[in-house]
Amino acid sequence: MEYVDETAAKIMLAVRPGDSIRRIAQKIDGSYSWVYDWIGWLEEAGFVRRDDGVYIDDYTVRNRYREMVTAISRSISPSIEEAYVVPHFAGLPFAYTKIDSVYVWTHGGYQIARGHDDYPVFIRVADRDVERWTAFFDEFGVPSTIEHRPDATDRDATVSYVLYPTAGGVTAEWVDGNPVIPLDEAIEHMLEYRVNYEPALEMIADEYDCDIDASHEDPRLDA
């Protein structure tokens, strides 16, 4: 029973072959030291191994963790904090996009158009994986839609996922343990809806030394 632990379950589900301990900790939003300790205990138990990165050694145990987590998720919907952990359990490539690309690139510093009772998460996925993503979210009992934001009145869960399929592979950069669309694409999205993202553009320009004419003035005032 000592291995029936939230951190252990998240590690076993989130780890991908060769992941560093730091990346795993960031994926599951855990402290490095605590995840480091758990990796050691899981390795002693024969569940994982470290060999220039972390690898799953016992997939039977991993599958049991998955069954446990999905059963709980179907009864108790993921929280907003857990919304950014769950996609890592799918084992499929993805990248946060739209509102969430801004949220990730600003390290959670800019939030818009979401509330505590309606929290869609926007992710880019490969065309070939759409059915697998839909099945994955169904397994976890979490609503998902394709390319449109779900109506909050049609569901009880706070968290939902909006999938944006793309042809070919998913290009992602890693920020704070989260895969996200490249910065230039995120900036394009912000510029397209500039009125909503002016403060975020200023944050991005300052942190990443981007040549963006960012101010808090409403550009519509000059129209």
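Aspartate 100 is buried, because its relative accessibility is 0%, and buried means under 20%. This acidic side chain has a partner: aspartate 100 forms a salt bridge with arginine 114, with 2.9 Å between the closest N and O atoms. Aspartate 100 sits in helix α5 and arginine 114 in the loop between α5 and β4 (119-126), so the bridge ties together parts that are 14 residues apart in sequence. Arginine 114 counts as buried too, because its relative accessible area is 14%. Keep in mind that this is a predicted model, and every value here is computed from it.

**More salt bridges**

How many salt bridges does a search of the whole structure find? The count comes to 12. Another of them also involves the loop between α5 and β4: arginine 149 and aspartate 118 meet through their side chains at 3.3 Å, N to O. This pair links distant parts of the chain, since arginine 149 lies in the loop between β5 (144-146) and β6 (159-166) while aspartate 118 lies in the loop between α5 and β4, 31 residues apart. Is aspartate 118 buried or exposed? Aspartate 118 is buried, because its relative accessible area is 15%. Arginine 149, at 33%, is partly exposed.

A bridge within one helix turns up in α1. There, the side chains of glutamate 6 and lysine 10 meet at 2.8 Å, N to O. Both residues belong to helix α1 (residues 6-14), and their spacing of 4 residues is about one turn of the helix. Lysine 10 counts as buried, because its relative accessibility is 17%.

Here are these three pairs side by side.

| Salt bridge | N to O distance |
|---|---|
| Glutamate 6 and lysine 10 | 2.8 Å |
| Aspartate 100 and arginine 114 | 2.9 Å |
| Arginine 149 and aspartate 118 | 3.3 Å |

Back with arginine 149, the partly exposed member of its pair at 33% relative accessible area, there is also a network to mention elsewhere. Arg49, Asp51 and Asp57 are joined into one network by salt bridges that share partners.

**Charges out on the surface**

Which residues form the negative surface patch? They are Glu173, Asp184, Glu188 and Glu192. Helix α7 (residues 183-192) gives the most to this patch, with 3 residues. Aspartate 184 is found in that helix, α7. With 49% relative accessibility, aspartate 184 counts as partly exposed, because exposed means over 50%.

Aspartate 117 is another acidic residue worth a look, and its place is the loop between α5 and β4. Aspartate 117 is exposed, because its relative accessible area is 62%.

**Backbone oddities**

If you're scanning backbone torsions, stop at lysine 98. Lysine 98 is not a glycine, yet its phi is positive, at about 55°. You'll find lysine 98 in the loop between β3 (94-96) and α5 (99-105). Its side of the story on exposure is middling: lysine 98 is partly exposed, because its relative accessibility is 31%.

Aspartate 209 also isn't a glycine and has a positive phi of about 55°. Aspartate 209 sits in the segment after α8 (194-208). Is aspartate 209 buried or exposed? Aspartate 209 counts as exposed, because its relative accessibility is 71%.

**The whole protein**

Zooming out, the protein has 8 helices and 8 strands. Buried residues account for 46% of its 223 residues. Along the principal axes, the C-alpha atoms fill a box of roughly 65 × 40 × 35 Å. For 223 residues, a compact globule would have a radius of gyration near 17 Å, and the protein's 19 Å agrees with that.

Two C-alpha to C-alpha distances give a feel for the spread. Aspartate 117 and isoleucine 181 are 26 Å apart in space and 64 residues apart in sequence. Valine 170 and serine 79 are also 26 Å apart in space, with a sequence separation of 91 residues. Valine 170 lies in the loop between β6 and β7 (173-175). Despite that loop position, valine 170 counts as buried, because its relative accessible area is 19%.

Methods: Residues are numbered from 1 along each chain as its sequence is written. This is a predicted model: local features need pLDDT of at least 70, side-chain atom pairs count only at pLDDT 80 or more; totals for chains, interfaces and linings use all residues. Side-chain values use heavy atoms; hydrogens and water are left out. Patches are made of residues with over 30% relative accessible area and no salt bridge: like charges are joined within 9 Å, nonpolar side chains (Val, Leu, Ile, Met, Phe, Trp, Tyr) within 5 Å. Accessible areas come from the Shrake-Rupley method with a 1.4 Å probe; for residues, only the protein chains shown count as cover. A salt bridge is a side-chain nitrogen of Lys or Arg within 4 Å of a carboxyl oxygen of Asp or Glu. Lys and Arg count as positive and Asp and Glu as negative; His and the chain ends are not counted. The place of a charge is taken as NZ of Lys, CZ of Arg, CG of Asp or CD of Glu. Helices (H or I, at least four residues) and strands (E, at least two) are DSSP runs, numbered from the N terminus. Buried means under 20% relative accessible area, exposed over 50%, partly exposed in between (1.4 Å probe, protein chains only). The radius of gyration is taken over C-alpha atoms; the globule rule is 2.2 Å times the number of residues to the power 0.38.
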